[in-house]
Amino acid sequence: MTSTDLHHDDLTDDVSAPRLAAVVYNPIKVDVDVLRDAVEAQQSAAGWPETLWFETSAEDPGQGPARKAIEAGATMIIVAGGDGTVRAVAEAVHGTECALALLPSGTGNLLARNLQLPLADTGLALQAAFAGQNKVIDVCLIDIERADRSVDRHAYLVMAGLGLDAKMLANTDDDLKAKAGWLAYVKAMIAVGKDDSDLRFRYRLDAKPEQAMRAHTIMVGNCGSLPASIELIPDAALDDGLFDVVVLKPEGFGGWLQILSKVLWENGVLSRTALGRKLRTNDVDALNYATGTKLVLRLNRPEEIELDGDGFGTAVAFKTWVDAGSLTLRVPSDAA
């Protein structure tokens, strides 16, 4: 499937297809009794049969429940949880005929933000699930090599990162995050900001020659919007068959000013209009962008890595690639 095919056919809905919904929910994130009432109301209004229910656990954040739902005949899985639950369920659902619907219930809700889905209205989110339409998006896959040479494979929908974001997540207090939301990340960012060590790695992007680099942070994005309306990668798209790579290489205070100006002013303000996009500058020394479909990277020492806002331990190398058009999402019927 080409990126042209994706854009032409990414919003569809076959109302004649068999319909059976399942909810995969994180019991820590949602009030399941309230949610059951809301789901029952929307499924009845849309004429769907009784919904199936599957609970996640600390040992299984979503992959197992999602597979059980598919085995039980579910054609749509509603994910009620945070970014970690969404990522885990998508890991099991992508590449199948089952669609995914989002009921944002966490701190970041990064995928829902990038899709401009309802974040605080359960009724609207469930209406999109039961009476909306399908949108086909890409999924990124990653093989992470550990220090003991073991390799584990995961999917991610938003972003994978090494450096500032991964170290920040590793230093985030989970209890404070539950109580104070994004303030917990601010505390962690201050702690990580004192760490001036760089990443040193060799990488190969698609068929280009291997190169060596020293950088503060490297992130691979399937989409580019972060909380607080921060547009880290303004040109990233969930359905273009590509990922976007962003590299931070600040040299002192001036480098950080370059990054802040680029991200907050050019990406966050100028990129909102056609005229503003024409006024954007090229890459600056402290912030570089690239696109591709496959990236192989090897570090000179183990480093923290994150996927979709969750820490995934340390990596010595990884290979990541795009599985284009492999996940169907439910979005509102009036989505652009």
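Student: Where does Asp308 sit?
Tutor: This is a predicted model, and in it Asp308 is in the loop between strand S16 (294-307) and S17.

Student: Ok, and is Asp308 buried or exposed?
Tutor: Asp308 counts as buried, with a relative accessibility of 4%.

Student: What's up with the phi of Asp308?
Tutor: Phi of Asp308 is positive, near 50 degrees, and the residue isn't a glycine. For background, most residues other than glycine have a negative phi.

Student: Got another one like that? What about Asp206?
Tutor: Asp206 isn't a glycine either, and its phi is positive at about 55 degrees. You'll find Asp206 in the loop between strand S9 (199-205) and strand S10 (211-215).

Student: Buried or exposed, that Asp206?
Tutor: In between: Asp206 is partly exposed, with a relative accessible area of 30%.

Student: Let's zoom out. How many helices and strands are there in the protein?
Tutor: The protein has 11 helices and 17 strands.

Student: And how much of the protein is buried?
Tutor: Of the 336 residues in the protein, 51% are buried.

Student: What about contacts between residues far along the chain from one another?
Tutor: Take the contacts with a separation of 6 or more: 71% of them are accounted for by residues 24 or more positions apart.

Student: Can you show me an example? Maybe Pro332, what is it in contact with?
Tutor: Sure. Leaving out neighbours within four places in sequence, Pro332 is in contact with Leu117, Ala128, Gly132 and Gln133. Pro332 itself is in the segment after strand S17 (310-331). There's also Gln127, which is 205 residues from Pro332 along the chain, yet their C-alpha atoms are separated by 7.4 Å.

Student: Why does Pro332 count as buried?
Tutor: Because its relative accessible area is 19%, and buried means under 20%.

Student: New topic: helices. How do H3 and H4 pack?
Tutor: Helix H3 (residues 63-71) and helix H4 (residues 83-93) pack at an angle of about 45 degrees, and their axes are 8 Å apart. The two helices are therefore oblique to each other.

Student: Is the crossing of H3 and H4 left-handed or right-handed?
Tutor: The crossing of H3 and H4 is right-handed.

Student: Which residues make the contact?
Tutor: From H3 you have Gln63, Ala66, Arg67 and Ile70, and from H4 there are Arg87, Ala88, Val89, Glu91, Ala92 and Val93. Sorted by class, the contact has six nonpolar, one polar and three charged residues.

Student: How many residues of H4 are buried?
Tutor: For H4 it's 11 of the 11 residues, so this helix is largely enclosed by the rest of the structure. Among them are Asp83, Gly84 and Thr85.

Student: And which residues of H3 are buried?
Tutor: In H3 the buried residues are Gln63, Gly64, Pro65, Ala66 and Ala69. They pack against S2, S3, strand S4 (76-81) and H4.

Student: What comes after these helices?
Tutor: H3 is followed by Gly73, with a positive phi near 105 degrees. Just after H4 there's Gly95, whose phi is also positive, about 85 degrees.

Student: Switching again: how many aromatic pairs are there?
Tutor: The count comes to three aromatic pairs. One of them is formed by Tyr25 and Trp53, and that pair is edge-to-face. The centres are 5.9 Å apart, with 70 degrees between the planes.

Student: Which parts does the pair of Tyr25 and Trp53 tie together?
Tutor: Tyr25 lies in strand S2 (residues 21-25) and Trp53 lies in strand S3 (residues 52-55), so the pair ties together parts that are 28 residues apart in sequence. Tyr25 counts as buried, by the way, at 7% relative accessibility.

Student: Last one: what's in strand S14?
Tutor: Two residues to look at there are Val247 and Asp244. Val247 is in strand S14 (residues 243-248), and it is buried, with a relative accessible area of 7%. Among the residues that Val247 touches are Met213, Ala215 and Ile218. Ile218 is 29 residues from Val247 in sequence, but 4.5 Å away in space, C-alpha to C-alpha.

Student: And Asp244, buried or exposed?
Tutor: Asp244 lies in strand S14 and is buried, with a relative accessible area of 7%. Its contacts, not counting neighbours within four places in sequence, include Met219, Val220, Gly221 and Ile233.

Definitions and conventions
Residues are numbered from 1 along each chain as its sequence is written. This is a predicted model: local features need pLDDT of at least 70, side-chain atom pairs count only at pLDDT 80 or more; totals for chains, interfaces and linings use all residues. Side-chain values use heavy atoms; hydrogens and water are left out. Axes are lines fitted to C-alpha atoms, for helices over the stretch in contact, and angles run from 0 to 180 degrees between N-to-C directions. Helices (H or I, at least four residues) and strands (E, at least two) are DSSP runs, numbered from the N terminus. Angles under 35 degrees count as roughly parallel, over 145 as roughly antiparallel, 65 to 115 as roughly perpendicular and the rest as oblique. A crossing is left-handed if the near helix is turned anticlockwise from the far one by less than a right angle, and right-handed if clockwise. Contact means heavy atoms within 4.5 Å. Ala, Val, Leu, Ile, Met, Phe, Trp, Tyr, Cys and Pro count as nonpolar, Asp, Glu, Lys and Arg as charged, and the others, Gly among them, as polar. Buried means under 20% relative accessible area, exposed over 50%, partly exposed in between (1.4 Å probe, protein chains only). Rings of Phe, Tyr and Trp (its six-membered ring) pair if their centres lie within 6.5 Å; planes under 30 degrees apart count as stacked, over 60 as edge-to-face and the rest as tilted.
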